[in-house]
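Thanks for coming, everyone. I'll walk through one structure today, residue by residue. Here it is on the screen.

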Amino acid sequence: MIVGVVLAAGISERLGRPKQLLELEGKPLLQHAVDRAAAYFEEVVVVLGHEAEAIEAALRLPSNARTVLNERFAEGHHGSVRVGFATASREGADVALLLGDQPYLGDDLIARTVECFRDSAADVVRPRHGEAPGHPVLVRANTAALLASSEDEQLGPALRGPQVEWVDGGPEAPADVDTWENYEALVNKGTARG
């Protein structure tokens, strides 16, 4: 079993308000990532932190999804990764890490990464866009369990190092939202698609 872990605990410092709640195509930005994960993975864990109550209240969780809280969200992204790993490893599950601010993560990219993971002996499989690592990051259950208690300086290399099997994700990573300009570009993209 693969548990999709959607990382959504951040404080949206550059945006100045919770980006998880920004409206995109009639629903919260985070909802897009949750729905995409729920379509591909048997279970979905959404890691919340900053403004967790408001964000959870705004979400419509699919039947195979639940939220968990990263109480130390202010310490950064790695803490949420470890919370996701710990939650999934209690079930002995493999993990797929996804970003809550990538609403248009492509179906083809997810499917190819999952297929490579199923066919591979590698502990970690993930896309690469040029030289830039991407998502989803697929991690074997035993590795996720080890990394759940790792230090920050161990976590990054484990997910980017020579033991990773890379999938060609194409030249450009799916857009994410860190600034108002990023958000406006996504709104315009969604309008153009509609």
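Start with Thr113. Leaving aside neighbours within four places in sequence, Thr113 is in contact with Val125, Arg126, Pro127, Pro136, Leu138 and Val167. Contact here means heavy atoms within 4.5 Å. Thr113 sits in helix α4. Helices are DSSP runs of H or I, at least four residues, strands are runs of E, at least two, and both are numbered from the N terminus. Thr113 is buried, with a relative accessible area of 0%. Buried means under 20% relative accessible area, exposed means over 50%, and partly exposed is in between, with a 1.4 Å probe and protein chains only.

Some ground rules before I go on. This is a predicted model, so local features need pLDDT of at least 70 and side-chain atom pairs count only at pLDDT 80 or more, while totals for chains, interfaces and linings use all residues. Residues are numbered from 1 along each chain as its sequence is written, and side-chain values use heavy atoms, with hydrogens and water left out.

One of those Thr113 contacts is Pro136. Look at its peptide bond. From His135 to Pro136 the bond is cis, with omega near 5 degrees. Pro136 belongs to the loop between β8 (132-133) and β9 (137-139).

Two more backbone oddities. Ser12 has a positive phi of about 55 degrees, although it is not a glycine. Its place is the loop between β1 and β2 (23-24). Ser12 counts as buried, at 9% relative accessibility. Glu51 also has a positive phi of about 55 degrees and is not a glycine. Glu51 is in the loop between β4 and α2. At 41% relative accessibility, Glu51 counts as partly exposed. Why point these out? Most residues other than glycine have a negative phi, and most peptide bonds are trans.

Now the interior. How many residues does the largest nonpolar core have? It has 28, and Leu30, Phe41 and Val46 make the most contacts inside it. A nonpolar core is a set of buried Ala, Val, Leu, Ile, Met, Phe, Trp, Tyr and Cys residues joined through side-chain atoms within 4.5 Å. Six elements each supply at least two residues of this core: β1 (2-8), α1 (29-40), β4 (43-48), α2 (52-58), β6 (94-99) and α4 (107-119). Take Val46. Not counting residues up to four places away in sequence, Val46 touches Val6, Ala8, Leu30, Val34, Leu61, Arg66, Thr67 and Val68. Apart from the largest core lies another, of 23 residues. Val68, Val81, Val139 and Val164 are among them.

Val81 takes us to helix α3, where it is one of the buried residues. The others are Gly79, Ser80, Arg82, Gly84, Phe85, Thr87 and Ala88. The helix covers residues 77-89, 13 in number. From first C-alpha to last it reaches 19 Å, close to the 18 Å expected at 1.5 Å a residue. That expected span is 1.5 Å times one less than the number of residues.

Next, the rings. How many aromatic pairs does a search of the whole structure find? Two. Rings of Phe, Tyr and Trp (its six-membered ring) pair if their centres lie within 6.5 Å; planes under 30 degrees apart count as stacked, over 60 as edge-to-face, and the rest as tilted. Tyr40 and Phe41 form a tilted pair, 6.4 Å centre to centre, with 50 degrees between the planes. Tyr40 is partly exposed at 29% relative accessibility, whereas Phe41 is buried at 3%. Trp180 and Tyr183 have ring centres 5.7 Å apart and planes at 70 degrees, so that pair is edge-to-face. They are three residues apart in helix α7 (residues 180-193), about one helical turn. Trp180 is partly exposed at 34%, while Tyr183 is buried at 13%.

Stay in α7 for Leu186. It is buried, with a relative accessible area of 1%. Beyond neighbours within four places in sequence, Leu186 is in contact with Leu24, Leu29, Pro103, Tyr104, Ala175 and Val177. And back to where we began: Leu186 and Thr113 are 73 residues apart in sequence and 24 Å apart in space, C-alpha to C-alpha.

That's my tour. Over to you.
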